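The following exercises concern a single protein chain. Each task is followed by a solution that proceeds step by step.

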Amino acid sequence: MRRLNFHHLHYFWAVAKEGNLTRAAEALHVSQSALSTQIRVLEEQLGHPLFIRAGRSLQLTEAGRLVLDYAETIFALGSELQTTLQSARQASQTLRIGAVATLSRNFQENLLRPFLGRDDLRITLESGSLDELLERLALHKLDVVLTNRAVSADSQHPWQCRLLDRQAVCLIGPPRADAQPFDLRRDLQQVRLIVPGRSSDVRSQFEVYCHSHGLTPIICAEVDDMAMLRLLARDSGDLALLPAVVVQDELRSGALQLYAEVSDIAEQFFAVTLQRQFSLRILDELLDRAVVSRR
């Protein structure tokens, strides 16, 4: 059997990603006929058709889906190799971090603070949805993804998910003139609440807590973004349900006050990585330090 032509494999990968021969040809700067010819050569070498036409688009055959899985792995390993060897030649290291858009900015800063200002390190930090960031991680365009949701490995993606921290969720609001302690069972239904959106695990836990205790809180706002939740907690005069780390500066300054800790609810912070052929020392240092500080 002839050795696999990786140039043809790359053309196939581009067409599979676009789902359209014309768009793939434009992206690759080749003619559509030349691209079609290269795909046919690959199909002949592998002995299986890789695409079927569905209207104006192309769909993968069963063999095509299998080849795409292998192509993703091959090109991801190539990207990892290139990045690793380039870093080895350089005096400084690069750490590429992705963080889900809803993750607390304060948590991210606390995690990275010991590494800021180092002359031997360059940090890039991207924000996006979990699916977008995991896709970039799979292609070795990121070294780690920070998220508040656990991620399970599957046959296509051998994710490694590590718990970095677990923080209690609190009710936080403006300073109180009343010195009487805030009682969740007694007072929760008497105040206006700003809560995380329904896609949040914290919100789900809060609803379970309220249902189990027969509570019907007055919800005046639902916010997915933690940065916006922080601003509303600071400026609205209402109470907010969130981890204390989100408003740590306001709590220190006295601009906000902790009313109560909801001990049954916690937010967890995870780091998702891929199994690597070459370990990244600075990434290991970051994750090990986070786990040690949690103990």
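**Exercise 1.** In this predicted model, determine what joins arginine 113 and glutamate 109, and state whether each residue is buried, partly exposed or exposed.

*Solution.* Step 1: a salt bridge requires a side-chain nitrogen of Lys or Arg within 4 Å of a carboxyl oxygen of Asp or Glu. Step 2: the closest N and O atoms of arginine 113 and glutamate 109 are 3.8 Å apart, and the two residues form a salt bridge. Step 3: partly exposed residues lie between the limits of 20% and 50% relative accessible area. Arginine 113, at 43%, is therefore partly exposed, and glutamate 109, at 38%, is partly exposed as well.

**Exercise 2.** Explain which parts of the chain are tied together by aspartate 288 and arginine 162.

*Solution.* Step 1: aspartate 288 forms a salt bridge with arginine 162, with 3.2 Å between the closest N and O atoms. Step 2: aspartate 288 belongs to helix H11 (residues 281–294) and arginine 162 to strand S6 (residues 159–173), so the pair connects parts that are 126 residues apart in sequence. Step 3: aspartate 288 has a relative accessibility of 41% and counts as partly exposed; arginine 162, at 33%, is also partly exposed.

**Exercise 3.** Describe how aspartate 249 and arginine 252 are placed along helix H10.

*Solution.* Step 1: the side chains of these two residues, aspartate 249 and arginine 252, meet in a salt bridge of 3.2 Å, N to O. Step 2: they are three residues apart in helix H10 (residues 248–253), which means that about one helical turn separates them. Step 3: aspartate 249 is partly exposed at 35%, whereas arginine 252 is exposed at 64%.

**Exercise 4.** Histidine 29 and histidine 140 each have a positive phi. Locate each residue and decide whether it is buried or exposed.

*Solution.* Step 1: most residues other than glycine have a negative phi. Step 2: the phi of histidine 29 is near 60°, and that of histidine 140 is about 60°. Step 3: histidine 29 lies in the loop between helix H2 (21–28) and helix H3 (32–46). Histidine 140 is found in the loop between helix H6 (130–138) and strand S5 (144–147). Step 4: histidine 29 counts as exposed because its relative accessibility is 73%, while histidine 140 counts as buried because its value is 5%.

Notes: Residues are numbered from 1 along each chain as its sequence is written. This is a predicted model: local features need pLDDT of at least 70, side-chain atom pairs count only at pLDDT 80 or more; totals for chains, interfaces and linings use all residues. Side-chain values use heavy atoms; hydrogens and water are left out. Helices (H or I, at least four residues) and strands (E, at least two) are DSSP runs, numbered from the N terminus. Buried means under 20% relative accessible area, exposed over 50%, partly exposed in between (1.4 Å probe, protein chains only).
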